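Biologist: I should like to go through this model part by part. Please take my questions in turn and close each reply with the item requested.

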Amino acid sequence: MYPVWEGMFIHSAMYVAIIATFHVLASHLTVAAAWFNLYIERRAVRENREELYEYLKRSALGLMVFAYVFGAMAGVGIWQSTTAANPRGISTLIHNFVLYWGSEWYMFLIDVIGIIAYYYTLGRVGKQTHLRLAWLLALGGSGTLAIIVGILSFKLTPGAWLENGLSLAGFFNPTFWPQVLMRFAFMFVITSGWSLIIATGLPRGFFEREKIIRYAGAIGLIGLVVGVGIWFLWYQPTLPAHARSIMSSRAIVPITYPLIITGVVAAAATLTFSYFRPQLQRRWIALTFMVLLQAAIFGAERVREVIRKPDIISGYISSNQLLFADLPARGVEREEQRLKEIGMLGNLPFLLPADQIDVANISTTDAQRQIAVGHVLVVQECGSCHNVSLQTQIRFADQHLVLRSLADLFVLRQRTTAADIDAYIKGIQGFPYMHEMVGTDAERAAMAAYLEDFIKQTYTNQPAVIGQK
Amino acid sequence: MLEMMRDPLGAPFFPVVFQALLVVTWVLHIHFVTGAIGSSTFSIYAFWRKDPNLLRLGRITARLTPNMVGLGIVTGIAPLLFVQTIYDPLWYAANTLTGFWSVTFIFIVMGGYSLAYLLFYLKGSKDGRLLWSAVASLVLLSFAGWVMHVLHQVSIRPDQWMSWYAPGGVIDTRGVQFHAYDVPRLLFLLPLQAGLSFAATLMFVSWYLRQRVDADPTFLDWTAGVGRRIGLWVAPLYGVFGLLWAFTEGPEFGLTAFIAVVAIVLGIGLFAFFWLQNKQPVRAGAKALGVWALALVVVAVTREVIRAVSLGRFNYSVANYPYIIDWGSVIMFGVTSVVGVSVVTYLIMVIYQSGLSADGTVSAKAEGFGRVATAMLGAWFGFFVLIGLYSSLFLR
Ligand code: HEM
């Protein structure tokens, strides 16, 4: 339906993942820090502690410069990268939720104008006024979090939306409540991580340094226990069976779970330690903790994204950007069925008919033409999750770095001839994370021909694979 | 083809409303990003010249730049939402055809923003040591504007998409080429508007600070004068480049005369406005910002007319974009708009009023309003949970 952007050097989906990781750090931190600063400022006002304002000023500057604007920009980045990588996926979200995103935009405005007001008026306006700004930042940040969860969770569990087409049903979907509560619980773990970093940097004996560390430990532990509890008792049981089966399949990169477990264990240990031995807490421990926590969050977010494979919106649109379900409530008809019958080529915008592919090259043989046709189809149907050409391989010496390369996968399964590959693709839907291939037998044969050629291109002079990101 | 590319879900509300929101929020966006580019350019000039008055102002503008960029980014998000709601075929085709730059754009803006902050951190870098960072920042921010411009230019030329995507029947999935651009248009929209945005902002800020009891009237009068002079110089160029835009892009869409008239009116009108403020430019600060906002609305509408005419050739029109009235969306956006506008108004009041007085007083009236606005934001969560429970229980 749209031109394909495969990515350049690295795969388009990797751009999304990299930007998203950064965004998660910045955005969770702003919400967490806003609540922590509110707590500090309330104490400063109540107990008339001037010295705390010094801390608030420093923190606000750092937040204003890095977290808020970078968070917002990385948020835009996720958008840009998903748009370029998979426009119809984002289109479905936009056409359902543009006004929810518009609502979130007000919260961004509150955040960004709020932090500017917060920083520049600190020490100038009355204390009650400034405290109110702290409240607005904490509430505004939480508002963005609450809204985005509705849109994120929709992708995995659109729920009743698949029948009634109502945005509210899709937004407040089956996994919305557990996910929003879980995120708020885990946010307190991040808050405590942030406050540990700040508090351990204070000189010893400074205003209740130990007490803040203890509080941070307690709040973080509660958040952790509640969050993990929600995960096991509520979130995971709510997941569709399909998603749970993918969770334990090879679609999830093996390192992911150790990463998550390490983060949780590190959090439990650091926070318990902070609670019982606040005077021994050190900055490097706090920083290490934050890094491990971040790695765990990255792992968890990847799992959340992968378990809805092979769909972008579960039960509605697949990763190859074709609608495969009707939605009568919104007058939408599925596209996949028809294309399976009449074929892909020439039947979607930007997909040339077979006889127009590679026309400029008059000296091509039929076999080469078939490969060229297969190339177009493979890029279209497989390219959004797999490396399908040299363009998105980083090669050095005899190695290459790739995202789920089809060349590597077929070599791994010892299917390297067109005939074998053809037979393999025919039954590809046997994997829980794959859809049936869309197109005619001739189109599938062309795809197999291209893939055989692609394996040769990849392995001409480099036998080894570094691994799949 | 364009019509079938539209998302089958349609828009969740009247499409023209999204079009209006697109125009209005883009005006905010372009004011802040061009203002940032203007103030960044001015800071560099000031640090380079090292004249005491210029330096004093340059330090202020160096601190203004990153905040303007920050606001430019946030106000860019809104048109980004609305453009892909009613112009999805165009926006998505342009972003995939130019995929590499569309994604690299993020890093470009972040880089430009961070480098602008370097200067801020050193309070405008007294001896101009960090001038390189300001220059690099300006280059990156301008480049971001170039990318935006290319995306837009690609988007309004559906007739050429296929020849860009698959020349000779071979698909190009790299997204690295700048397929379409119109240099006069970009110069009009970016550097020249940067001059005018900055001029209006300078006059406004001088007028605003002039009301403070501890103000330095000589300096502020001088500053407003600088703003006026920039306006006087740039406005005619603005008109000239507008004309060039008319003659380069106009013929393709049969809009030469239309764009030319807009350019002449804007060029002459703005020049006349700045020229008339010869007595006490500082007193015209608020008016300058208002006039400039009006000019930007005209530009925004002109862009929209060009897009509409271009798409009209393919029977694509916002007026016949399919839509439903999705009540959930309307209620959510309506309620959040009331709350959001109130809170933002309060925040602006705090910034505005506290900056006006020497000791940062905020009026009791504003405080009262702030209490209400904060309570509204708190109550918003109650609303959110209630509508959520309703949806979870009854919309099964
Ligand atoms: C800071 C660097 C930026 C600069 C200098 C800049 C400049 C521009 C310019 C010159 C245009 C008009 C293009 C034309 O009509 O030819 C434009 C349009 C636009 N910009 Fe930006 N921009 C910047 C950042 C952003 C960001 C961060 C966003 C998103 C969050 C954004 C969103 C938009 C949108 C949605 C449009 C309208 C596109 C359309 O109507 O087709 N911009 N920008």
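**Metal site, chain interface and domains**

Modeller: As a starting point, His29(B) is found in helix α2 of chain B, which spans residues 15-49. Please keep in mind that the model is predicted.

Biologist: Which protein residue is the donor to the iron atom of the ligand?

Modeller: The iron atom has a single donor from the protein, and the atom concerned is an NE2 at 2.2 Å. A donor must lie within 2.8 Å of the metal, and water is not among the atoms, so the site may look incomplete. The donor residue is His29(B).

Biologist: How much area is buried between chain B and chain A?

Modeller: The contact involves 105 residues of chain B and 96 residues of chain A. Carbon and sulfur atoms give 76% of the buried area. The area buried between the two chains is about 8,900 Å².

Biologist: Which residues form the salt bridge across the interface of chain B and chain A?

Modeller: Between these chains there are 25 residue pairs in polar contact, whereas the rule finds one salt bridge. In that bridge, the closest N and O atoms are 2.6 Å apart. The partners are Arg132(A) and Glu367(B).

Biologist: Which element gives the most residues to the side of chain B that touches chain A?

Modeller: The elements giving two or more residues to this side include α2, α3 (52-86), α5 (99-121), α12 (327-356) and α13 (364-394) of chain B. The residues of this side divide into 63 nonpolar, 31 polar and 11 charged. The element that gives the most, with 17 residues, is α12(B).

Biologist: Turning to the domains of chain A, how far apart do the C-alpha centres of domain 1 and domain 2 lie?

Modeller: The assignment for chain A places residues 7-239 + 253-306 in domain 1 and residues 349-458 in domain 2. Nine residues of domain 1 of chain A are in contact with 11 residues of domain 2 of chain A. Their C-alpha centres lie apart by 40 Å.

Biologist: Which residues of domain 1 of chain A lose the most area to domain 2 of chain A?

Modeller: These two domains of chain A bury about 720 Å² between them, with 59% from carbon and sulfur atoms. On the side of domain 1 of chain A, three residues together account for 60% of what is buried. They are Gly7(A), Phe9(A) and His11(A).

Biologist: How many residues of the side of domain 1 of chain A that touches domain 2 of chain A are charged?

Modeller: The count of salt bridges between these domains is zero, while four residue pairs are in polar contact. The elements giving two or more residues to this side are β1 (7-8), β2 (10-11) and α1 (12-46) of chain A. Six residues of this side are nonpolar and three are polar, and the number charged is none.

Biologist: Which residues of domain 1 of chain B lose the most area to domain 2 of chain B?

Modeller: Chain B is divided into domain 1 (15-164 + 180-323) and domain 2 (327-396), and their C-alpha centres lie 29 Å apart. The contact takes eight residues from domain 1 of chain B and six from domain 2 of chain B. About 600 Å² is buried between these domains, 60% of it on carbon and sulfur atoms. Together giving 70% of what the domain 1 side buries, the residues are Tyr208(B), Gln211(B) and Arg212(B).

Biologist: How many residue pairs are in polar contact across the interface of domain 1 of chain B and domain 2 of chain B?

Modeller: The rule finds zero salt bridges across this interface. For polar contacts, with both residues at pLDDT 80 or more, the number of pairs is four.

Biologist: How many residues apart in sequence are the parts that Arg88(A) and Glu335(A) tie together?

Modeller: The structure holds 22 salt bridges over all chains. One of them joins Arg88(A) and Glu335(A), whose closest N and O atoms are 2.8 Å apart. Arg88(A) lies in helix α3 (residues 87-121) of chain A and Glu335(A) in the loop between β4 (317-318) and α12 (336-342) of chain A, so the pair ties together parts whose separation in sequence is 247 residues.

Methods
Residues numbered from 1 in each chain as written. Chains lettered and ligands numbered in written order. Predicted model: local features only at pLDDT ≥ 70, side-chain atom pairs only at ≥ 80, totals over all residues. Heavy atoms only, no water. Donors = N, O, S within 2.8 Å, 3.2 Å for Na, K, Ca; no water. Helix = DSSP H or I, 4+ residues; strand = E, 2+ residues; numbered from the N terminus. Domains from an automatic or database assignment. Contact = heavy atoms within 4.5 Å. Buried area = accessible area lost by both parts, 1.4 Å probe. Salt bridge = Lys/Arg side-chain N within 4 Å of Asp/Glu carboxyl O. Polar contact = N/O pair within 3.5 Å; in protein donor to acceptor, adjacent residues only side chain to side chain. Nonpolar A, V, L, I, M, F, W, Y, C, P; charged D, E, K, R; others polar.
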